[in-house]
Amino acid sequence: MTLSKQISEHFAQAYFGGNWTDVHLKEQLADLSVQEATAKIGDLNSIASLTYHIHFFVKATLQVLEGGELYAHDKYSFDLPPVTQQAEWETFIQKIWEEAETFSNAIARLEDDQIHQVFVDRKYGSYFRNLSGIIEHTYYHLGQIVLIKKLLRSA
């Protein structure tokens with residue numbers, strides 16, 4: 001298996017399952033109501049906000065993989081549009097699943113020599129660094145989502 005396909009698979013497992021942690025984003029969001037997804041506990045981010053934040057960088061990187069410009073400013077990464085209805089929540093996460101699948105496929109199509117090349121600008125490091133970082137970032141916030149969900153359901 002090529003390195004790009006391994007990275008693609010590792011990313012897809014964080015979103016859709018099959019990883020050795022046995023936890024993934026789709027499973028954690030599947031049974032949430034819009035009320036749970038948008039609920040705030042103290043000063044913690046909501047699950048919906050964290051989900052938007054995770055995917056913000058996936059979407060920005062996908063744009064680059066598809067030949068576009070990089071647009072990923074941290075200050076916008078929590079700018080979740082209002083989600084108040086169950087249908088809005090379900091549409092939101094369905095779009096995320098579709099974009100994550102597209103992202104995974106785009107990674108798999110990279111040539112292995114490109115994985116070690118500069119990503120957009122030298123200051124960002126290589127494709128490998130950025131793609132690995134997205135996976136790490138996803139798992140970091142996935143852990144928060146799991147804990148927030150447990151707190152919400154134990155209250």
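A crossing of two helices is called left-handed if the near helix is turned anticlockwise from the far one by less than a right angle. The close-up views described below are all taken from a predicted model.

**View 1. Helix H1 against helix H7, a left-handed crossing.** In this predicted model, the axes of helix H1 (residues 3-16) and H7 come within 10 Å and cross at roughly 15 degrees. Because angles under 35 degrees count as roughly parallel, H1 is described as roughly parallel to H7. By class, 11 nonpolar, three polar and no charged residues make up the contact of H1 with H7. On the H1 side the contact is formed by Leu3, Ile7, His10, Phe11, Gln13, Ala14 and Tyr15, which meet Phe128, Leu131, Ile134, Ile135, Thr138, Tyr139 and Leu142 in H7.

**View 2. Helix H1 against helix H5, also a left-handed crossing.** Here the axes of H1 and helix H5 (residues 86-108) come within 7 Å, crossing at roughly 165 degrees. Since angles over 145 degrees count as roughly antiparallel, H1 is roughly antiparallel to H5. The contact of H1 with H5 comprises 11 nonpolar, four polar and two charged residues. Residues of H1 that take part include Lys5, Ser8, Phe11 and Tyr15, while those of H5 include Trp97, Glu101, Phe103 and Ile107.

**View 3. The surroundings of Phe11 in helix H1.** Phe11 has a relative accessibility of 1% and therefore counts as buried, the limit for that term being under 20%. Apart from its neighbours within four places in sequence, Phe11 is in contact with Val58, Ala100, Phe103, Ser104, Ile107, Ile134 and Ile135. Among these residues, Ala100, Phe103, Ser104 and Ile107 are also listed where H5 meets H1, and Ile134 and Ile135 where H7 meets H1. The C-alpha atoms of Phe11 and Glu98, which are 87 residues apart along the chain, are separated by 14 Å.

**View 4. The surroundings of His141 in helix H7 (residues 127-154).** With a relative accessible area of 7%, His141 is buried. The side chain of His141 makes a polar contact of 2.5 Å with the side chain of Gln144, and a polar contact of 3.4 Å joins the side chains of His141 and His53. When its neighbours within four places in sequence are left aside, His141 is in contact with Leu50, His53 and Ile54.

Note on methods:
Residues are numbered from 1 along each chain as its sequence is written. This is a predicted model: local features need pLDDT of at least 70, side-chain atom pairs count only at pLDDT 80 or more; totals for chains, interfaces and linings use all residues. Side-chain values use heavy atoms; hydrogens and water are left out. Helices (H or I, at least four residues) and strands (E, at least two) are DSSP runs, numbered from the N terminus. Buried means under 20% relative accessible area, exposed over 50%, partly exposed in between (1.4 Å probe, protein chains only). A polar contact is a pair of N or O atoms within 3.5 Å; within protein, one must be able to donate a hydrogen and the other to accept it, and residues adjacent in sequence count only if both atoms are side-chain atoms. Contact means heavy atoms within 4.5 Å. Axes are lines fitted to C-alpha atoms, for helices over the stretch in contact, and angles run from 0 to 180 degrees between N-to-C directions. Angles under 35 degrees count as roughly parallel, over 145 as roughly antiparallel, 65 to 115 as roughly perpendicular and the rest as oblique. Ala, Val, Leu, Ile, Met, Phe, Trp, Tyr, Cys and Pro count as nonpolar, Asp, Glu, Lys and Arg as charged, and the others, Gly among them, as polar.
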